[in-house]
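Me: I've just opened this protein and I'm a bit lost. Could you take a close look at the inside with me, and then show me how the rest relates to it?

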Amino acid sequence: MIWYKSSIQERCSPLGAKMGRGSPVCQQIREKIIEMFKNNVHQRKIGRHLDISPSTVHNIIKRFKESEGISVRKGQGRKPKLNNSDLRSLRRHCIKNRHSSISDITTWAQDYFGKPLSSTTVRSYIHKCQFKLYCAKRTPYVNSVQKRLRLLWALRHLGWTITQWKRVLWSDESVFQVFFGRNVRRVLRTKEEKDHPDCYQQQVQKPGSVMVWGCVSALGKGNLRFCDGTINAEKYIEILEHNMLPSRRHLFQGRPCIFQQDNAKPHSAHITKSWLRRNRIQNWQPKLAYVFILRKKKNHEEHVK
């Protein structure tokens, strides 16, 4: 649980160090002032010894005479627009709407609290709630069916041993941007150098990229193939013939293995499946039967409702 402190915090400084204007004197220095006052030391001398203004020393001694206390008075400045309860409401709204912009949150806060709040004020209160705007991490979209399929697959292979996992030959394709990538880069500059040519990040509409196919197992790395253009079923079969088969012979030395691939269209094409059967390759893909079972169950649930 987060506690929001509305009172002014004391900034304690060592003896002889000057503090900023309006900063409360820490407890240690106030006690030292009262101790010297009880020893009949003049206020100006106390101020010179502790490097504090005589008016500050006078006010602390005056407060001690009136109330026999030396605690810091509560700040008499402007009261905050949002109290602790409002901050908790703001925090809950930010948690429920993490992708909202500052302007959207400001509009909501003005309507919810009924107060004239600016975007700068809302931003500062968001920081008090220990939130800060970051670039969101990107993750692939996974729907409910895909989540349940992954769960079924994980449960099915939960009891596999290390020896069984070593029999798998993993494969996949990936696209790499080789020039003018879209990754955000940071640059070291001053505020006035934002239009300096050396501080720009060059980019193009369609950066150059290359498709790479590769395979790997617990026994080592397989072949790496650079692909030109779009991969269809015919090109994928050619990749398997010239790269997957030699990698399987080199890594497993004729021992049985399981070839893993995803459900991309070239992988699940009929000619690709026929080629795998002709070459007696045990293929490991997410079972389509799981999809039919889940869809049938979902349709049954909707019909019951």
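Reply: Let's start with one word we'll need: a residue is called buried when its relative accessible area is under 20%, exposed when that value is over 50%, and partly exposed in between. With that cut-off, 28% of the protein's 305 residues are buried. Keep in mind that you're looking at a predicted model. As for the overall parts list, the protein has 12 helices and five strands.

Now for the inside. In soluble globular proteins, nonpolar side chains tend to be buried together. Here, the largest nonpolar core has 18 residues, and the members that touch the most others are Leu169, Trp213, Leu240, Met244, Phe259, Trp275 and Ile281. Where do the residues of this core come from? At least two come from each of β2 (208–217), α9 (233–252) and α11 (270–278). Helix α9 is the top contributor, giving the core eight residues.

Pick Phe259 and zoom in. If you ignore neighbours within four places in sequence, Phe259 is in contact with Leu169, Ser171, Tyr236, Leu240, Met244, Leu276, Ile281, Gln282, Asn283 and Trp284. That kind of reach along the chain fits a wider tally: among contacts in the protein with a separation of 6 or more, 60% join residues 24 or more positions apart.

Next, look for the rings. Trp153, Trp160, Trp165 and Trp170 make up one aromatic cluster. Counting pairs of aromatic rings across the protein gives six. One of them is Trp153 with Trp165: their ring centres are 6.1 Å apart and their planes meet at 50 degrees, so this pair counts as tilted. Trp153 sits in helix α7 and Trp165 in helix α8, so the pair ties together parts 12 residues apart in sequence. Are these two rings tucked away? Not quite: Trp153 counts as partly exposed because its relative accessibility is 31%, and Trp165, at 27%, is partly exposed too.

Another pair is set up in a different way. Tyr112 and Phe113 are edge-to-face, with 5.1 Å from centre to centre and 90 degrees between the planes. Phe113 counts as buried, because its relative accessibility is 13%.

Now go back to α7 and look outward. Leu151, Leu155 and Leu158 make a nonpolar patch of about 340 Å² on the surface. Leu158 belongs to the loop between α7 (144–156) and α8 (162–165). At 66% relative accessibility, Leu158 is exposed. So what does the surface add up to in total? The protein exposes about 23,400 Å², with carbon and sulfur atoms supplying 52% of it.

Last stop: charges. Side chains of opposite charge can pair when their charged atoms come close. The structure holds one salt bridge. In that bridge, the side chains of Lys115 and Asp86 meet at 3.5 Å, N to O. Lys115 is in the loop between α5 (102–113) and α6 (119–128) while Asp86 is in helix α4 (residues 84–96), so the bridge ties together parts 29 residues apart in sequence. Check the burial of the two partners as well: Asp86 is buried, with a relative accessible area of 13%, whereas Lys115 is partly exposed at 29%.

How values were computed. Residues numbered from 1 in each chain as written. Predicted model: local features only at pLDDT ≥ 70, side-chain atom pairs only at ≥ 80, totals over all residues. Heavy atoms only, no water. Patch = residues over 30% accessible without salt bridge, like charges linked within 9 Å, V, L, I, M, F, W, Y side chains within 5 Å. Areas by Shrake-Rupley, 256 points an atom, 1.4 Å probe, with all protein chains shown as cover. Salt bridge = Lys/Arg side-chain N within 4 Å of Asp/Glu carboxyl O. Helix = DSSP H or I, 4+ residues; strand = E, 2+ residues; numbered from the N terminus. Buried < 20%, exposed > 50% of the residue type's maximum accessible area, 1.4 Å probe, protein only. Phe/Tyr/Trp six-rings, centres within 6.5 Å; stacked < 30°, edge-to-face > 60°. Core = buried A, V, L, I, M, F, W, Y, C linked by side-chain atoms within 4.5 Å. Contact = heavy atoms within 4.5 Å.
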